[in-house]
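Biologist: I'd like a close look at a single part of this model, picked by you. Start with what is packed there, then work outwards and tell me how the surroundings are put together.

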Amino acid sequence: MALQTSKRFSTWIGGFLLVVPSIAAVTVFVYGMIVWTIKISMTDRISASVKEPKFVGFQNYTNLLSDTRFTHAFENLVKFTFVFIVGTTIAGFIMALLLEKGIKGEGFFRSFYLYPLAISFIAMGTVWNWLLNSNVDADAGGLNLLLQKVGLGFLQNSWYLSENGAAYALALPAIWQMAGYVLALFLAGFRGIPDDLREAARVDGASEAKIYRYVLFPQLTPTLFTVLIILGHVSMKVFDLIIGINGKSYVTQVVAVYMWESTFDQRNYAKGTAIAVVLLLLIALIIIPYLRWVIKQENENR
Amino acid sequence: MTAELLEKKPNPIANKRKRSGKEQFWLIFRYTSLTFIWFLIVMPIYVLVVNSLKGVKDVYLVNAFDLPKSLDFSAWPISWSGGDYFSAFSLGESMTRTLFFVVQSSLISAIIGSINGYVFAKWKFPGSNIVFTLFLFGMFIPYQAVMIPLVQLVTNMGVNKSIYVLVMAHVIYGIPICTLIFRNYYASIPDELIEAGLVDKASRIRIYRSIILPLSLPAFVVVLIWQFTSAWNDFLFAIFLTGGSPKLSVATTTLNFITGSSNQVFYGLNMTASLIVSLPTLVVYIFLGRYFLRGLLSGSLKG
């Protein structure tokens with residue numbers, strides 16, 4: 001039991017001193033900066049010319065509610081998040097289902113399925129900009145051309161330039177990038193189920209379909225929870241994907257993009273920080289329960 | 001833990017008896033589906049590659065999927081150096097500079113992560129678990145929530161045009177994940193090893209140097225790759241902290257390149273530039289994908 005936290009000062013002080021620089025850095029640059037952000041968000045620092053900002057309470061937050069550009073960005077984010085989470089979860093799950101029993105060439109498929117995670121979205125912006133091009137029929141280039149070639153020409157649409165579907169269209173490249181991550185999580189989930197469970201069900205005469213439905217899928221509930229949390233917080237932060245494909249254009253603006261525009265183009269730090277705090281709260285809402293869950297699990301496994 | 005599970009592959013053909021018709025059908029079905037998905041996932045990079053080989057001016061949307069009529073590499077050197085088309089930006093210069101700072105920040109991050117990980121796994125102090133949890137939360141925050149004060153800080157200090165600001169940012173905001181990866185790795189080292197050292201009257205530092213560190217190579221590889229990839233692909237810090245200065249980091253250069261400051265857009269150059277900036281992380285992924293995956297899964301706290 002020598003490694004249990006020792007109450008004796010002389011035993012632990014050395015380790016503590018080693019992490020003091022990191023604790024200081026995280027305190028100042030994570031938590032300190034968050035507090036500072038909240039402070040700015042409660043002032044009237046709405047342009048670069050405000051030299052001595054005054055405290056205005058929650059004014060900037062209430063302003064956001066009536067700011068149609070913000071509500072538009074928020075609506076886009078909700079639409080994007082919905083399609084992104086549902087699409088990525090299903091795509092990744094199907095991929096895991098196809099691979100979980102083991103198949104010759106698994107390594108080959110898996111490494112290709114995961115490569116999009118290694119590439120930056122700014123770099124992929126050009127090509128997705130093409131693939132989601134709105135030209136149809138004879139002028140079509142990207143996905144619209146592919147759809148024609150496979151006889152699904154009637155599905156052609158203007159993707160991220162369409163009035164209502166823009167945010168949905170941009171979920172496509174996001175699904176393309178993150179499906180591999182979900183695949184990896186689910187595949188590990190499947191492989192973590194003891195073989196005996198499957199065998200026992202088989203001996204009892206259960207059909208393969210029933211084994212999946214009643215034995216394997218229930219075991220994956222914690223994995224599904226992890227997947228939803230991870231995708232949820234990634235989605236809230238979506239930024240470079242949108243910038244890479246369509247820049248700051250109004251039609252595809254999400255919360256993070258609007259925050260950038262408010263900060264840089266309008267130099268409205270009060271609004272920028274208020275948006276950032278909203279984003280932080282949204283993420284904290286899903287991440288804090290998740291952290292508690294993970295830590296509880298870890299303690300139980302010990 | 002998750003990463004190890006992935007390595008555990010079931011034996012595809014458990015018994016060598018002849019497959020029944022039904023099993024045969026499902027096998028064909030699985031391969032067909034996997035191949036179909038493979039095409040979908042490879043398609044964007046395929047479009048990048050074929051269009052980077054069509055020269056500068058012969059690149060049109062309508063034949064995006066066509067193979068080049070003849071191999072024309074002329075877009076590559078122009079994209080790299082900027083040439084007459086983009087005199088303001090040299091992708092090559094920016095990539096070299098980015099490589100330089102990304103390698104530095106990865107190395108510093110790995111050293112800090114290793115020390116922190118050792119303390120949080122094997123040399124706990126009162127309250128260390130709470131401190132660790134507070135670190136973890138820092139991993140998930142949207143960086144927008146710290147960005148504006150940070151911008152003000154670097155502007156006031158007059159260092160907002162320096163690449164070292166980005167080194168600092170990646171090191172500091174990388175502390176949580178790097179600590180986590182090392183801490184989980186060290187937690188899997190048996191306590192007995194350290195106890196044996198303590199019985200021999202070795203100091204904790206000595207134990208770190210002669211027992212823990214020599215075992216740490218895999219964790220170092222994971223952290224180095226993770227930090228390398230995320231710093232290389234980072235856009236958020238680059239755009240905020242360098243005031244959108246296009247030349248400083250590869251992400252902002254690329255953005256300026258592809259959105260084009262000139263009136264005419266040369267798709268051939270855009271495609272080639274996008275491919276060139278993706279190559280370093282792709283190469284790392286191709287050769288060390290297994291370690292990359294571990295870093296990735298750590299990000300879900302399930303590594």
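Modeller: Let's take helix 5 of chain B, residues 128-140. Its buried residues are Ser128(B), Val131(B), Phe132(B), Phe135(B), Leu136(B), Phe137(B), Gly138(B), Met139(B) and Phe140(B). Buried here means under 20% relative accessible area, with exposed over 50% and partly exposed in between (1.4 Å probe, protein chains only). Helices are DSSP runs of H or I with at least four residues, strands are runs of E with at least two, and both are numbered from the N terminus.

Before going on, some ground rules: this is a predicted model, where local features need pLDDT of at least 70 and side-chain atom pairs count only at pLDDT 80 or more, while totals for chains, interfaces and linings use all residues. Residues are numbered from 1 along each chain as written, chains are lettered from A and ligands numbered from 1 in written order, and side-chain values use heavy atoms, without hydrogens and water.

So what covers the buried residues of helix 5 of chain B? Both chains chip in: from chain A, the cover includes helix 1 (9-41), helix 11 (221-236) and helix 14, and from chain B it includes helix 4 (91-122), helix 7 (163-187) and helix 13 (267-298). Contact is counted for heavy atoms within 4.5 Å.

Two of those buried phenylalanines, Phe132(B) and Phe135(B), also belong to an aromatic cluster that crosses between the chains. Its other members are Phe9(A), Trp12(A), Phe16(A), Phe120(B) and Phe125(B). Aromatic pairs are Phe, Tyr or Trp rings (for Trp, the six-membered one) with centres within 6.5 Å; planes under 30 degrees apart are called stacked, over 60 edge-to-face, and the rest tilted. Over all chains the structure has 45 such pairs. One of them joins Phe120(B) and Phe125(B), a tilted pair with 6.1 Å between centres and 50° between planes. Neither ring's residue is out in the open: Phe120(B) and Phe125(B) are both buried.

Phe125(B) sits in the loop between helix 4 and helix 5 of chain B. Loop or not, Phe125(B) counts as buried because its relative accessible area is 2%. Look back along the chain to Glu93(B), 32 residues away, and the two C-alpha atoms are 46 Å apart.

Zooming out, chain B has 13 helices and zero strands. Its C-alpha atoms fill a box of roughly 75 × 75 × 30 Å along the principal axes, and buried residues account for 56% of its 303 residues. Take the contacts in chain B between residues at least 6 apart in sequence, and 73% of them link residues at least 24 apart. Domain bounds, which come from an automatic or database assignment, give domain 1 (19-81) and domain 2 (91-297) in chain B. The C-alpha centres of these two domains are 31 Å apart. Domain 1 of chain B puts 14 residues into the contact and domain 2 of chain B puts in 16.

For another buried spot, try Asn51(B) in helix 2 (residues 21-52) of chain B. Asn51(B) has a relative accessible area of 0%, so it is buried. A polar atom of its side chain lies 2.8 Å from the backbone oxygen of Val47(B). Leaving out residues up to four places away in sequence, Asn51(B) touches Trp130(A), plus Val59(B), Asn63(B), Ala64(B), Gly268(B) and Met271(B).

For contrast, Lys201(B) is exposed, at 75% relative accessible area. Lys201(B) lies in the loop between helix 8 (191-199) and helix 9 (204-212) of chain B, and has a positive phi of about 65° despite not being a glycine. Over in chain A, Arg267(A) is another non-glycine with a positive phi, about 55°. Arg267(A) is partly exposed at 34%, in the loop between helix 13 (255-264) and helix 14 (269-301) of chain A.

Note on methods. Polar contact = N/O pair within 3.5 Å; in protein donor to acceptor, adjacent residues only side chain to side chain.
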